[in-house]
Amino acid sequence: MTLPSTPGDQGGRPKRRTFTAEYKLRIVAEYDAAKVTGEGAAILRREGLYHSHILEWRAARDAGALTALGARKSPAGDGRRRSAEAAEVERLRRRNERLETDLARTKTALEIMGKAHALLETLSESADETPVRSRRR
């Protein structure tokens, strides 16, 4: 066993893999085509990937992030910023839809509560107006 030459050296620590946008697009397209024949798992094994990679890359492709990265010819920072902005816009759009749904649900609940309160008020007033008969015999 070889020890690291310096105390802070990590030795043979594995590096995190990075994938280009072109690779991601190619693999997602290949996986989607192979899924019809049931060969999707074979692609994942061959490439050493997980199904979660495909899910993330497909979502990025659908949001336009991978297309923007793959088609860019400008300096590195500019394309990343646009794709990051597109991803942020998509995230905010989904959040806005979720919040609008929650707001509509809350408005409906408040409307129902208001109607229930009005009904209980009416029942309470009618109960106060009707005389109570005594049960003495």
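Before the first stop, one bit of vocabulary: a helix axis here is a line fitted to C-alpha atoms over the stretch in contact, and the angle between two axes runs from 0 to 180 degrees between their N-to-C directions. Keep in mind, too, that what you have open is a predicted model.

**Stop 1: two helices that cross**

Select residues 21–37, which make up helix H1, and then residues 51–63, which make up helix H3. Turn the view until you can look at the pair together. At what angle do H1 and H3 pack? It is about 110 degrees, and their axes are 10 Å apart. Angles of 65 to 115 degrees count as roughly perpendicular, and H1 and H3 are therefore roughly perpendicular to each other. The crossing has a hand as well: H1 passes H3 in a left-handed way.

**Stop 2: a charged network**

Now show side chains and pick Arg46 and Glu47. They form a salt bridge, with the closest N and O atoms 3.0 Å apart. It is one of 12 salt bridges that the structure holds.

**Stop 3: along helix H5**

Next, select residues 76–129, which is helix H5. Start with Glu90 and Arg94, whose side chains meet in a salt bridge at 3.6 Å from N to O. The two lie four residues apart in H5, about one turn of the helix. Is Arg94 buried, exposed or partly exposed? Its relative accessibility is 44%, so Arg94 counts as partly exposed.

Move on to Asp102 and Arg105. Here the side chains meet in another salt bridge, 3.1 Å from N to O. This pair also sits in H5, three residues apart, again about one turn of the helix. Compare how open the two partners are: Asp102 has 32% relative accessibility and so counts as partly exposed, while Arg105, at 53%, counts as exposed.

While salt bridges are on your screen, hop back to Arg46 and Glu47 and add Arg26 and Glu30 to the selection. Salt bridges that share partners join these four residues into one network.

**Stop 4: a nonpolar patch**

Return to H5 for the last stop and select Leu119, which has its place in that helix. Add Leu120 and Leu123, then switch on a surface. What do these three leucines form? They make a nonpolar patch on the surface, with about 320 Å² of accessible area together. Look at Leu119 by itself: because its relative accessibility is 52%, Leu119 counts as exposed, the cut-off for that being over 50%.

Key. Residues are numbered from 1 along each chain as its sequence is written. This is a predicted model: local features need pLDDT of at least 70, side-chain atom pairs count only at pLDDT 80 or more; totals for chains, interfaces and linings use all residues. Side-chain values use heavy atoms; hydrogens and water are left out. Patches are made of residues with over 30% relative accessible area and no salt bridge: like charges are joined within 9 Å, nonpolar side chains (Val, Leu, Ile, Met, Phe, Trp, Tyr) within 5 Å. Accessible areas come from the Shrake-Rupley method with a 1.4 Å probe; for residues, only the protein chains shown count as cover. Buried means under 20% relative accessible area, exposed over 50%, partly exposed in between (1.4 Å probe, protein chains only). Angles under 35 degrees count as roughly parallel, over 145 as roughly antiparallel, 65 to 115 as roughly perpendicular and the rest as oblique. A crossing is left-handed if the near helix is turned anticlockwise from the far one by less than a right angle, and right-handed if clockwise.
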